[in-house]
Amino acid sequence: MRAGSRFRRYFIGLAVAALGLIASTANAAAVRGSGAAKASEWKQAPSSTTLRSRAIRRARLAALQAAIDGLEGRVDKDAKKSVQRDGTRWTGAYRIVSEQVDPEGIRVELEVEIDVARLAKFVAPPAAPSPAKVRFHLGELTAGRGCTVEAEQVGEDLARLGVAQTPIGTSAPVAVAIECQPLGPVPNTLLQAVRIRVEAKAEGRVLLKSDEAAFGVDEQSARERGAGAVADALAAELMGDGGGVVVRVESPHPASRVRRLQRALADRVSGVRKAKLVGIDPDGSVRIELVGSASAQDIARRLGALSLPDFDVTVVGVHDARSLSIRLR
């Protein structure tokens, strides 16, 4: 009985986490894409489910390509190739706009949710790290059985995010070990779940230890999204804080606004790897420290392009290179 209760609580927890993911991506852009699959692509006649799955996958990738083509500013060629190769990690929930079936195959048009702001941040040309500030470089990257996709993607993402791949000065090697486990469908959702565990060690100590579930519309996209989150967390830990920029948030109520702002700053603002709450002032203002290469002036400029659903961000003032004040309204 107790084991059964734990089992039910475990999957209820997964459902709650998955629904949180859906809510967090509710502000993604809806991008249309079409895809087709023909029965002649197989030696033996495929099932209608197989045909439809391939057409949907191609439509998701077509929507992603349309999103990339619509981005403003310069795009890094290597990052673009990485996005296209692991395309399903960038596509979220989708809606079937139209579907045509005939004896030769199937064609679908989808409306796909894509976090365009985060995509733009990923494919923007990277800023090379200053060698004087490099503390760690990627050493051995190992993966458990079935985790080869995750390990390969994590390695590529770390390079993309600016983590040194070879020694720089006196930088220490970091050993990264990844384990993964498929969890299957999440109750009461259309999502699949996987669990990804990672441990990073350097200089005889553990730098990062994580055990998190990741979600996607299928197992592959769940694994890819999980690997992307692992790389983000590792990069933030390995690249240090660079001094940090403190954002003072006036009128921070309700608290849910601050949480959404914090997530958006980390996910969508170029030059910011991590955002963390560091204090509350006597007047109720909240302070958020941003970890990354962006200066206060950079952040103030990029906040102007940050779209949030139910409130606006106004820059009150930039005080110096490491601090600024904003107001939510």
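How many bridges join β1 to strand β3, and do the two run parallel or antiparallel? I looked this up first in the model, which is a predicted one. Ten bridges join β1 to β3 (residues 105-114), and the two strands run antiparallel. Within this pairing I noted Gly-33, which stands opposite Leu-110 in β3.

**Entry: the sheet.** I then traced the sheet around this pair. It is an open sheet of three strands in the order β1-β3-β2, with antiparallel pairing. β1 (29-38) and β2 (91-102) each have a single partner strand and stand at the edges, so one side of each is left without a neighbour in the sheet. For the twist from one strand to the next I recorded an average of 20°.

**Entry: the aromatic pair.** I searched for paired rings and the count came to one aromatic pair. The ring centres of Trp-90 and Phe-122 are 5.0 Å apart; their planes meet at 55°, under the 60 degrees above which a pair counts as edge-to-face and so the pair is tilted. Trp-90 lies in the loop between α3 (77-85) and β2, whereas Phe-122 belongs to helix α4 (residues 116-123), so the pair ties together parts 32 residues apart in sequence. I found both Trp-90 and Phe-122 buried.

**Entry: charges over Phe-122.** I next examined the ring of Phe-122 for charged groups. The charged end of Arg-89 sits over this ring, 5.4 Å from its centre. Arg-160 also lies over the face of Phe-122, at 5.9 Å from the ring centre.

**Entry: Gln-153.** Is Gln-153 buried or exposed? I read a relative accessible area of 2% for Gln-153, which is under the 20% cut-off, so this residue is buried. Gln-153 is placed in helix α5 (residues 148-160). Leaving aside neighbours within four places in sequence, I listed its contacts as Asp-86, Arg-89, Glu-224, Ala-227 and Gly-228. Arg-89 thus appears both here and over the ring of Phe-122.

**Entry: the nonpolar cores.** The largest nonpolar core has 27 residues, and those touching the most other members are Phe-136, Val-154, Leu-158, Val-174, Val-176, Ile-178 and Leu-234. I noted that β4 (136-143), α5, β5 (172-185), β6 (192-202), β7 (205-216) and α6 (219-238) each give two or more residues to this core. Which element supplies the largest share? It is α6, with seven residues. For Leu-158 I listed Leu-138, Val-163, Gln-165, Ala-231, Leu-234 and Ala-235 as contacts, not counting residues up to four places away in sequence. Apart from this core I found another, of 26 residues, including Ala-266, Ala-294, Leu-306 and Ile-326.

Notes:
Residues numbered from 1 in each chain as written. Predicted model: local features only at pLDDT ≥ 70, side-chain atom pairs only at ≥ 80, totals over all residues. Heavy atoms only, no water. Pairing = 2+ DSSP bridges. Helix = DSSP H or I, 4+ residues; strand = E, 2+ residues; numbered from the N terminus. Axes fitted to C-alpha atoms, helices over the stretch in contact; angles between N-to-C directions. Buried < 20%, exposed > 50% of the residue type's maximum accessible area, 1.4 Å probe, protein only. Contact = heavy atoms within 4.5 Å. Core = buried A, V, L, I, M, F, W, Y, C linked by side-chain atoms within 4.5 Å. Phe/Tyr/Trp six-rings, centres within 6.5 Å; stacked < 30°, edge-to-face > 60°. Lys NZ or Arg CZ within 6 Å of the ring centre and 35° of its normal.
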